[in-house]
Amino acid sequence: MPSLKDLKNRIGSVKSTRKITKAMQMVAAAKLRRAQEAAEAARPYAERMNAVMAGLAASVGGSDSAPRLLAGTGADKTHMLVVMTAERGLCGGFNSSIVRLARAKAAELIAAGKTVKIITVGKKGREQLKRDYADHFVAHVDLSEVKKIGYDNAQSIARDLIHRFDHGEFDVATIFFNRFQSVISQIPTAQQVIPAKFEQAEGTGSAALYDYEPSEEEILADLLPRGVATQVFTALLENGASEQGARMSAMDNATRNAGDMIDKLTIQFNRSRQAAITNELIEIISGAEAL
Amino acid sequence: MADTMQFDLVSPERRLASVQAREVRIPGADGDLTAMPDHSPLITTLRPGILTVVSAEGSVDYAVTGGFAEISAAGASVLAERAMPKAEVTAAEMDALISDATAEAGEAPAEGKDAAMKLVADLQTLKAALGL
């Protein structure tokens, strides 16, 4: 049976925990709105890009002169996994769900006899993957100093990827991130970026026949690296929104749990106090009776 | 013939403009071109330069650095890698871009050397055109 003083301390500490989680939830809510706006602002570009690239890829893709970023190296030996997680914890299952997906994919590839290389973006994923896959790490991108994710960040990741691809370091690259669905639901997603794959947007089949200036191949060669950067950027933004959403709901739960705990502890505190008073009274009364 | 067309200017981070335009002057990779309503469908890459949009409200200039433009009879959309209203560009930003491009040109392999040098020259021209 804890003493009254212990209980009081306990209640005090849970109360300050609740204050912290409540504050974190509100901060996450504000950041979520901003992250969602950023993700929405980036959408028109990504959609157009995808549509144009899909059209180009369809017309050039079959030929022998197709760029390697589109056609691939012809091999399927070395896989690059780009695992994007958050820099901070306390966001529920956000980091773990991405890592779980990446880990499953890595295990599957290794079992199939392929070489796996891993680039981690964000500290948390690196920590979680370190135990099993530290030998496979080739690079780490630290975004902890970055306040607002910009296209530049995505571009430097994409540039690094393409540089490695050109030097024959890998054949296939896949990015792992959480797609933002809603505050309570984020979907861990694996997306292949090299060789490029495009979801054929509906209605593009009958698009007008475009003139290309310079040639189709040249435009495609120019656009493919941008396409990779755009996909990475979209993933980073989706991830940013997902992280805040996950943190918001995790902190909301934590706040509610803290509230429940405070109620329970307060009842226990009141009961013990009453028990102590009753005890004292009994002692006094029985003392008086004895006289 | 319609006298205006839908024009969109988007960069990866935001949509800069979405207006009914009478004509759009685009710095294409192979030379400047002007898109007007009912232009034949065309996709072209951009070089760094100034993009001018003429609409009913007058004309607006944007500085763009690379990207591409998609023009069809109904409208034009420009997907610029980096774009901003002409007045917002600062000399420091341009200098940073130029020094980045110069560094890259230095590292570029032989076959990409010309293109990289041209990019630097285009950026310098753009800077001069902006009066910075």
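Begin by selecting chain B, for which the domain assignment, with bounds from an automatic or database source, gives domain 1 (5–86) and domain 2 (89–129). The model is predicted: local features need pLDDT of at least 70, side-chain atom pairs count only at pLDDT 80 or more, and totals for chains, interfaces and linings use all residues. Residues are numbered from 1 along each chain as its sequence is written, while chains are lettered from A and ligands numbered from 1 in the order in which they are written.

Colour the two domains of chain B separately; their C-alpha centres are 21 Å apart. Eight residues from domain 1 of chain B and six residues from domain 2 of chain B make up the contact, where contact requires C-beta atoms, placed from the backbone, to lie within 7 Å. On the domain 1 side of chain B, four of these residues are nonpolar, two polar and two charged. In this classification Ala, Val, Leu, Ile, Met, Phe, Trp, Tyr, Cys and Pro count as nonpolar, Asp, Glu, Lys and Arg as charged, and the others, Gly among them, as polar.

Next, display chain A as well. Here 21 residues of chain B are in contact with 22 residues of chain A. Strands β2 (15–28), β4 (42–45), β7 (67–71) and β8 (75–80) of chain B each give two or more residues to this side of chain B; strands are DSSP runs of E, at least two residues, numbered from the N terminus. The largest share, four residues, comes from β4(B).

Finally, select β4(B) together with strand β6 (residues 211–213) of chain A: three bridges join these parallel strands, and pairing requires at least two DSSP bridges. Centre on A:Asp211, whose bridge partner in β4(B) is B:Leu42.

Notes. Contact = placed C-beta atoms within 7 Å.
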